[in-house]
Amino acid sequence: MTKQGKRTQLVHGGTKRSQWGELSEAIFLTQGFAYDSAEQAEARFIKTEPGEFIYARYGNPTVAMFEERIALLEGAEDAFATASGMAAVNGALMALLQAGDRVVAARALFGSCLYILETILPRFGVEVVFVDGSDLKAWDEALQGGAKAVFFESMANPTLELVDVAGVCKLAHAAGATVIVDNVFSTPVFSNAVDEGADIVVYSTTKHIDGQGRALGGVILGTRDMIRGTVEPFMKHTGGSMSPFTAWIMLKGLETIDLRVRAQAASAKAIAEALQGHEKLASVTYPGLPAHPQYELAQRQLSGSGGTMVSFDLKGGKAAAFKLSNALETILISNNLGDAKSIATHPATTTHQRLAPEQRESLGIGDGLIRLSVGIEDPEDLIADLRQALDAV
Ligand SMILES: *Cc1c(COP(=O)(O)O)cnc(C)c1O
């Protein structure tokens, strides 16, 4: 068969039908598998071939369908599905590292990623050096000291600052490091991270892949050797595997992700354009606007899109940000992202409240900053909602 397009793969890729020929993917809600004979059980434990299973922590047919489908979308050889995005981040790092290793990471990170790198890894004798992720010179300098792994979010939360994936991969590989990219904000629809050199790509599938706010999940993608040789042994023995029910939700999410994420990105752009220059806003940040300082990089790295997130900074600080949030009627106050429902978050008092004020300042997270995750509602309604909420400020 000729190579199929992404949308076709998202609907059909990885499907394994039982003897009943079910149209929709089955949920194999089983932790174990019965063998035809003692000899077969013995053989499976010696070597489990693809498509064979022994225990759900190691693998399950529904989970395997999800892994195959997301690998097709990302353009990776293989994938291991995890219980949450953090199980994926932790698993990718822990599977790779040992005491005495050095990691170079971008400073602007999701709170729990920062906790692993800043607090947990040093407890096990891993040195972690943080750099300004958007500054290739800083990466180059830090990597002069060598590194086992490099970790960064390709688009930072909530400032939407991009890391040059291809640029950092080149420097990291020259230093002998394995590159792990947390690619949540870029989404698997727009990402080219594998082509750009990333060795491991991780997603919280809780976000755009579910896309409907139902379940926590994660996935680690890479070469077959990396996933089956390095990641799987760590994950299957430490318990962070995805449940079959979650895998089914994520499979169904993948069927529509391309349609949803493209619609969300188009609305995000329309919203950013509508808000730009508003008198109550100090700034509007969207990587798909030509005014964004990394617009060229965003075009290259996000397949000509700007992503599904918009950030804007209210001149009136926290009071103004709260007033706007409370005046929103359609857009919800929450902290999920990538959801069908549009969501406003005030990072300084929620997702990033654990950070010291100076740390927030250095990451560009002001008291007036709102992070908007754009959903699939009518964009006119979202713009009208934001306009009336801005009027209330
Ligand atoms: C949400 C998120 C995570 C963690 O994912 P969970 O599914 O909540 O465990 C990690 N990295 C980024 C960038 C995220 O947005």
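**The largest pocket and the seven-stranded sheet**

In this predicted model, 26 residues line the largest pocket, and those lying nearest its centre are Glu49, Pro50, Gly51, Arg228 and Glu232. Two elements, helix H3 (61–74) and helix H9 (224–238), each give two or more residues to this lining. The largest share comes from H3, with 6 residues. By class, the lining of the largest pocket comprises 12 charged, 10 nonpolar and 4 polar residues. The space within the largest pocket amounts to about 720 Å³.

Helix H3 also leads to the sheet, since it lies across S1, strand S6 (200–204) and strand S7 (218–222). Relative to S1, helix H3 runs at about 125°.

The sheet itself is open and is formed by 7 strands, arranged in the order S1-S7-S6-S5-S4-S2-S3 with mixed pairing. Strand S1 (78–82) and strand S3 (127–131) each have a single partner strand, so one side of each is left without a neighbour in the sheet, and these two strands stand at the edges. On average, and with direction ignored, neighbouring strands of this sheet are turned by 20° against each other.

At the S3 edge, the pairing can be followed in more detail. Strand S2 (residues 102–106) pairs with S3 in the parallel sense over 5 bridges. Val104 stands opposite Val129 in S3. A further helix, H6 (residues 136–143), lies across S2, S3 and strand S4 (149–153). The direction of helix H6 is at about 170° to that of S2.

Terms used
Residues numbered from 1 in each chain as written. Predicted model: local features only at pLDDT ≥ 70, side-chain atom pairs only at ≥ 80, totals over all residues. Heavy atoms only, no water. 1 Å grid on protein atoms, 1.4 Å probe; cavity = no way out; pocket = protein on both sides within 12 Å on 5 of 7 lines; lining within 4 Å. Points joined across faces, edges and corners; volume = space filled by probe spheres on them. Helix = DSSP H or I, 4+ residues; strand = E, 2+ residues; numbered from the N terminus. Nonpolar A, V, L, I, M, F, W, Y, C, P; charged D, E, K, R; others polar. Pairing = 2+ DSSP bridges. Axes fitted to C-alpha atoms, helices over the stretch in contact; angles between N-to-C directions. Contact = heavy atoms within 4.5 Å.
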